[in-house]
Every structure is written in C-alpha cells, then in structure tokens.
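Q: Hi, I have just opened this one and could use a friendly tour. Can you walk me through a few parts of it?

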Amino acid sequence: MPVETRSIRDRSAVGRFPSVTHKFLEDEEEEKEEPEEDDAEEENACQRWLRKVWPCCCPKPNDDDVTDTLANNNEKENGINGRKPVTGGSELDELLLKVQSIDLMKSKSGENRTEHHTNLYQRDDFIIRRGQTFLMWITLSRPFSRDTDKLHLELKTGPLPTVSKRTHVIIPLVEEVKDGRWEAAVVRQDDKKMMLSVNSPPTAVIGRYQLTVETTCANGQAVSTHDPANDIYMLFNPWCEDDTVFLDSEDERQEYVLNDIGRIYYGTSNQIGVRTWNHGQFDDGILAACVFVLEKSGTPRSGWGDPINVVRVISAMINSPGDSGVLEGNWSGEYSDGTSPTVWSGSVQILKEYIKNNGKPVKYGQCWVFAGVFTTVLRCLGVPCRTVTNFSSAHDTDVSLTTDVYLDENLEPIDHLNADSIWNFHVWNDCWMARPDLPPGNGGWQGVDATPQETSQGSYCCGPASLAAVRNGQVFLKHDCSFVFAEVNSDKIYWQRNTDGTFSQIYSEKKLVGRFISTKAVGTDERIDITDLYKHTEGSVQERIAVETACSYGSKAEAYSCPAAKDVSVEVTMDGEGPEMGSDAELTITLRNDNSEQRMLILHGQVDVIYYTGVHKATVRKDKMELDLQPNEVNSLKWSLEYKDYKDQLVDQAALMLTLSGRVKETQQVLATQFIFRLRTPDLIIKPIGKAVVGKKMAVKISFTNPLAQVLKAVIFHVEGLGILTAHKIHYGDIGSHASVSLTEHLVPSLPGPRKLLASLDCKQLTQVHGVTDITVEE
C-alpha cells in the first residue's frame with residue numbers, strides 16, 4: 001500500500017484559510033526558503049525536485065507499510081555542530097515505528113465473534129458488542145518497546161467524528177484494561193507482532209467505525225492507512241449487565257435476539273390465525289442494511305448509544321411518511337404497482353430492496369409487515385425484541401384515552417365525528433431495556449409501534465412505552481404511553497347529541513378493547529397470552545383504577561365521575577435503616593381519615609422484586625385488605641414480608657417495591673402509592689493487627705457472618721489499599737448457612753500517612769458486601 005508523507009509545514013498550513021500555491025511556482029518557492037530552515041528539510045525539497053527530473057535515479061520511498069508517516073525535525077540530536085544529519089526519505093521511514101498489518105481475528109468461528117455472540121452473522125465483517133473486550137493482532141515494522149514507543153487506536157464514526165460526542169474514540173494503551181472505558185492492553189508480544197485486548201464501555205455509540213492505529217517513537221509519528229476491511233460494527237449487548245438492554249435470561253436472549261424465525265398472529269379474538277415470519281437478521285447484507293436505515297434517518301451519531309433514542313428513530317424509519325423510510329403503507333386494496341402486504345413472508349427481501357434502491361420506500365406494508373421488519377432490525381442491532389398482536393385494538397385519534405362513538409338525537413351515528421376505531425387485530429413490538437429516564441419499576445418490556453397511525457413529536461413513531469406504566473394508567477410518562485394505553489384498555493363510550501348541541505354519555509363498554517394480546521413463546525412455536533403485562537384483570541379494582549387514572553389526563557376526563565371528597569390518605573414508612581438480607585422485612589402502612597364520617601375501603605397490595613435499573617423481575621406476594629376507618633381515625637398497620645417469600649427471587653442489587661392501591665367506598669376516591677426499599681447486606685469487619693510502619697510486615701483480620709439460611713458458593717474476597725496493599729482476589733470457597741468466618745491478610749505498607757484498606761465479598765447468592773478500615777502508617 002502506498003505511503004503518504006506529510007511534512008510539518010504542510011500540516012501547519014491547514015486551517016480556515018489554507019495557503020494556495022500555483023503549480024508553476026512550486027520549485028521557485030522552494031528555492032526561496034529562509035536560510036534558518038533545517039538542513040534536512042532543504043535536502044528533502046531537493047530530492048523531490050530530483051525525482052521529477054530523474055525518477056530512475058531517485059526512487060520514491062518503499063510502499064511495504066500500511067502507514068502514513070509524520071516526521072519530527074528534532075534539532076541538536078547526534079548531529080555535527082548541533083545539527084541533525086541529513087537523512088533521505090526512505091531512511092527516515094526505516095527509523096519510524098509503523099503498522100504493517102492489522103488482524104482483527106474476525107472469523108465467524110473465532111474467539112472474538114463467538115464470545116460476542118455475533119458468529120451467526122453471515123459475513124466476515126468484524127462484528128462485536130459493546131461493554132466487552134475483544135482481541136486483535138498488530139504487526140509493526142520492528143518490535144515495540146514499552147519504554148520508548150507509544151501506540152493508540154482511533155475509531156471514528158459518522159460524517160464529523162468528534163471526541164466530545166463520542167464519535168471519535170481515542171483508545172490508549174494501558175497496563176490493564178478496566179470495565180466501563182475505552183482501553184487497550186498488550187496481552188502478548190511476539191517479535192514485531194502484538195496482541196491487544198481492547199475494551200469498550202457499555203454506553204458506546206453503535207454503528208460502523210473506521211479503525212486506524214497511531215504510533216510514536218523518537219523519530220516521529222506514523223498513522224496507519226484506513227482499510228475498509230478493518231471497519232468495526234458495534235452492537236448493543238444484552239449479555240452485558242451494564243448495558244441498558246441487558247436481559248438476564250439466556251433462554252430469552254436466544255429467543256429475542258438470536259432467533260431468526262418468528263410467528264405473527266392475526267385474525268379476530270375468536271379466530272386467531274398464525275403465520276411464520278423469516279426475520280433473517282443474520283443474513284448476508286442485513287446488518288449493513290440496518291445501519292443504512294439509521295444513517296438514512298439523518299440523526300446525530302452521538303445519540304446512537306442510547307437504545308431509547310435508537311428505537312424511536314427506527315420506529316419512524318420503518319414507515320415512509322415524512323422520512324423516506326423502509327416501507328410504504330397501503331390499506332386501499334390496490335397494490336398493482338408494488339407487492340401486496342399479504343405476500344411478504346420475511347424481512348430480508350424488503351431490507352435488501354430498500355438499500356439496493358438507495359433508500360426508496362418499498363411498496364407495500366401493513367401492520368404485521370412493519371412489525372416483522374422492526375423485529376429484524378432491533379434484533380440485528382442487539383436490542384431484544386418480539387412481535388406482539390393485540391386483538392380488538394383501539395385507535396384513539398383525539399387523546400381522550402377512550403374509544404368514542406357519537407350519535408345524534410335519534411341514536412344514529414354521526415360519521416364525521418366517529419374518527420376512533422377498533423381494529424380486529426393490530427401488530428406491534430415489545431423491546432427490552434431499562435428506563436433510567438423514568439421512575440423505578442418502568443424498565444423491562446417497552447411497547448413500540450412502526451405502523452404510521454399518529455405522530456409523536458412530529459414523526460410517525462410510537463414508543464418506547466413502558467408496559468408497567470401502561471398497565472397502571474401512568475400515561476403521563478414518555479413515550480406515547482397514552483396511545484398504547486388506549487389501544488389495549490380504553491373504554492368504548494357512546495355519546496348522544498343534545499338539543500343544544502352538547503353531548504351526554506349514555507353508555508359504555510368496559511371489556512371490549514385489548515383482548516388475547518399474543519406473542520410467540522420462548523423456545524417453542526406456541527402462542528402465549530401476555531395481556532396481563534399490559535393491563536390488570538379486566539373489571540378488577542386495579543384495572544378500573546388504571547383506566548380512571550389514565551383518563552384523568554385525557555381530553556374527556558369528565559367521562560368518569562370524580563370523587564366527592566379526598567379525605568383519606570395512605571403512607572408507607574420504614575423504621576431505621578430498613579430490613580436486613582435474610583430476615584423478614586417490616587414496614588408501616590398509615591391510613592388517615594380526615595372526615596367526620598366513617599370510611600370503608602378495600603386496599604390491594606403487591607410486592608415486586610425489581611433490578612436496580614428499575615426493571616421488574618418478579619411478583620412475590622399479593623394482598624387484599626378490607627378496612628373501616630372511624631371518623632378522624634389514624635390507623636397504623638404493621639406490614640411484614642417473610643424471607644421465604646422473596647429469597648428465591650432476589651437478583652444482583654435487587655430492591656423490593658410495595659404497591660398499594662384502593663378505593664374509598666363512600667366517595668369513590670382512589671388511593672395509590674409505591675414504596676421501594678432495599679434489603680441491607682452485612683458489612684465485612686476489618687481489624688488491623690499490629691503497628692503499621694512503612695516497609696514492615698503487618699496483618700489485618702477480615703470477619704464475616706453469612707446472613708442467609710443457605711450456603712454461599714465459591715466466595716471470593718477482594719482486598720486493596722492505596723499505599724498498603726495491591727488489589728488482589730482471595731478465592732475462599734464455600735461459607736455455610738449462618739456461618740461466621742475470618743481470614744488474615746498480610747501486607748507491607750509502602751506509603752506513610754492515613755490510609756484506607758477496602759474489602760468486598762462476592763458470590764452468586766450474595767453481592768454488595770463491603771468493608772473498610774482506616775490505617776495510619778508511620779514512617
């Protein structure tokens with residue numbers, strides 16, 4: 001590959017107003033160089049002139065290296081009278097440290113793609129997932145010296161890569177890579193070849209990166225030439241616990257990320273049909289097509305690290321109105337100039353046709369086609385996704401969160417007012433992610449819809465809408481929870497026109513909308529009903545509370561009678577620092593009646609385990625209480641959750657959330673509150689033994705008592721202290737049920753003054769166990 005040599009002078013001329021030199025003046029201007037210029041630069045100018053006249057006698061530098069070179073004119077270095085010896089271009093190139101080849105080890109069967117779960121993609125591109133390390137080989141022009149040489153990697157994505165926007169990434173060479181940052185470390189060196197371990201953060205921007213390597217030595221810098229064959233595709237990582245799209249079930253990852261065949265349901269609630277859909281996310285060219293879809297959106301690459309943003313962009317780009325997206329919708333029945341929506345049986349042909357025609361919308365699609373392609377694109381990019389069908393699906397057009405039917409004085413429909421509709425079925429998608437932008441408990445499955453129905457913030461997109469928020473009627477949370485709520489749980493309300501032109505509610509149907517919400521089961525072709533994720537049991541108190549809560553934010557809040565009074569309140573409190581892991585959790589529920597009359601209410605309670613990201617894990621208990629509150633009474637109830645109820649459901653850094661909801665019988669007032677609490681883990685007790693003196697051996701004793709009635713398996717202690725102990729792990733083994741253990745660690749302080757020794761314990765059954773002690777080290 002040819003070598004491009006860039007002089008220092010040429011670089012300094014680059015700016016807002018670069019100098020312009022006419023061709024016929026080049027030689028004359030070089031003859032007018034200032035006498036103070038370095039001799040080496042004059043010699044190089046002469047050599048360039050000689051090569052023009054006698055190319056056979058003055059050949060260009062060799063082109064064996066894949067490197068652009070940049071030489072430093074280091075004055076007063078090993079030269080006569082303090083001047084640098086005159087060096088020819090080819091000789092200077094030989095002194096530089098240059099990259100001769102890069103091997104990303106991108107074979108489908110290789111370690112990188114197997115470890116990153118990208119070995120199913122049917123191309124030999126380098127495809128990896130963020131938040132995970134990968135290996136690569138670099139061959140240099142000579143052996144790398146850690147004492148005198150420097151090296152770093154550069155990744156660039158988008159038309160204007162910028163470091164501050166994370167689209168231009170500089171990856172330094174460090175001794176040991178750490179999680180959560182771009183870093184590289186040498187793990188093996190074999191003469192001129194080096195193997196690097198490169199780590200990316202779990203928040204990295206996804207997409208296609210260009211890779212170059214820059215080296216520096218005493219004789220100058222060299223930058224490898226960009227080779228498109230070494231471009232890197234970065235994807236979301238459902239296997240990485242710190243990625244927003246992390247999904248902790250391997251069976252579900254296999255289904256919602258890696259399964260390239262799906263099932264889509266259609267028909268009516270009484271006659272459910274099914275068809276198989278070829279998602280084909282690993283087919284040759286589909287990953288490039290999915291990245292093309294993102295690029296076609298014109299959205300800034302800096303936002304491509306956030307799956308919430310990416311999902312919204314793709315939701316808009318699957319349909320064509322306003323942005324020349326993938327599919328053009330057509331519900332007319334006339335498809336002669338395209339393909340009938342019922343003909344499609346997969347996404348591959350659609351996406352390939354879209355990229356082949358440089359982003360011209362493919363004709364035609366309807367809801368199941370939009371949803372099938374949406375699933376393909378999200379799974380291809382690493383976002384867990386499934387296709388969902390809702391039977392008797394409402395389309396709310398006026399943000400009332402009701403499906404409205406308008407009748408005249410004679411009970412005849414008023415057609416021009418009846419814009420709302422109920423579809424036999426509608427197909428959309430669920431995608432999985434945490435929602436750090438919402439209150440805790442709203443992570444997990446999110447409803448997204450690519451069918452162009454209503455605009456959201458100016459674009460035909462919908463979601464991601466938290467299913468937890470939809471279920472509880474919290475339609476004020478973003479994105480588009482109100483629209484999804486209306487699709488699955490709106491009441492159908494009939495309005496009659498009065499003689500004065502106003503309308504009165506005359507009838508409502510409460511169980512018509514949102515039935516048999518269906519998706520393919522994990523690991524089988526069976527249909528599973530997921531209606532309970534979208535709404536409470538139809539007709540239950542919780543479901544009615546959710547409907548009335550939602551509609552209070554709609555344009556027809558008057559459709560539901562407001563309570564005559566709001567004189568009953570509920571509050572949840574916790575004593576002290578809260579319950580400890582392994583023990584029963586105790587809280588206090590305080591009910592207050594501020595009225596002079598008696599109040600009766602039914603209170604529903606539910607306890608859920610949630611991840612620290614807010615994602616719902618499991619429901620561990622449900623309660624129902626009927627209470628009578630005397631006039632002006634304050635009633636404090638002791639509430640407890642036994643260890644046996646939650647012990648099998650806890651996950652890493654899990655919290656518990658108590659949700660209370662109810663209704664006052666006399667006033668129809670709704671009561672609702674949520675209380676999140678953490679189970680405290682025990683501390684490690686660290687006690688220094690002996691006097692701490694620089695250079696002298698001492699010991700510390702670490703003690704721990706297992707709070708659980710189960711054995712802790714494969715326990716690992718981690719200890720470290722700046723200036724007193726280098727970080728290292730101690731593989732302890734098993735710790736019995738409620739057993740107390742201690743271990744002694746010997747250390748030699750290296751720095752005087754106040755120091756801290758830290759220790760932590762980790763195992764599958766128990767995490768977040770820490771300890772710290774202060775140690776004053778004497779000289």
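A: Happy to; below we go through a sheet, a strand and some helices.
A: This is a predicted model, where local features need pLDDT of at least 70, side-chain atom pairs count only at pLDDT 80 or more, and totals for chains, interfaces and linings use all residues. Residues are numbered from 1 along each chain as its sequence is written, and side-chain values use heavy atoms, with hydrogens and water left out.

Q: Thanks! What order do the strands of the open sheet of four come in?
A: The order is S35-S34-S37-S38, with antiparallel pairing. Strands are DSSP runs of E with at least two residues, helices are runs of H or I with at least four, and both are numbered from the N terminus. Two strands pair if DSSP finds at least two bridges between them.

Q: Which strands are at the edges?
A: Strand S35 (725-735) and strand S38 (769-777), each of which pairs on one side only.

Q: And how many bridges join S34 to S37?
A: Five bridges link S34 (residues 712-721) with S37 (residues 753-762). One pairing to look for is His 718 with Ser 760 in S37.

Q: New topic: strand S11. Are its faces covered or open?
A: Both faces are covered. Ile 232 and Met 234 on one side, and Tyr 233 and Leu 235 on the other, are all buried, meaning under 20% relative accessible area (exposed is over 50%, partly exposed in between; 1.4 Å probe, protein chains only).

Q: Why two sides?
A: In a regular strand the side chains alternate between the two faces of the sheet.

Q: What stands opposite Ile 232?
A: Phe 126 does, and so does Tyr 209. S11 pairs with S3 (residues 126-129) in the parallel sense over four bridges, and with S9 (residues 207-217) in the antiparallel sense over three.

Q: Now helices. At what angle do H7 and H8 pack?
A: At about 90°, with the axes of H7 (residues 286-297) and H8 (residues 307-318) 10 Å apart. Axes are lines fitted to C-alpha atoms over the stretch in contact, and angles run from 0 to 180 degrees between N-to-C directions. The two helices are therefore roughly perpendicular, a label for 65 to 115 degrees (under 35 is roughly parallel, over 145 roughly antiparallel, the rest oblique).

Q: Last one: how many residues of H10 are buried?
A: 15 of its 15 residues are buried. After H10 comes Gly 382, with a positive phi near 100°.
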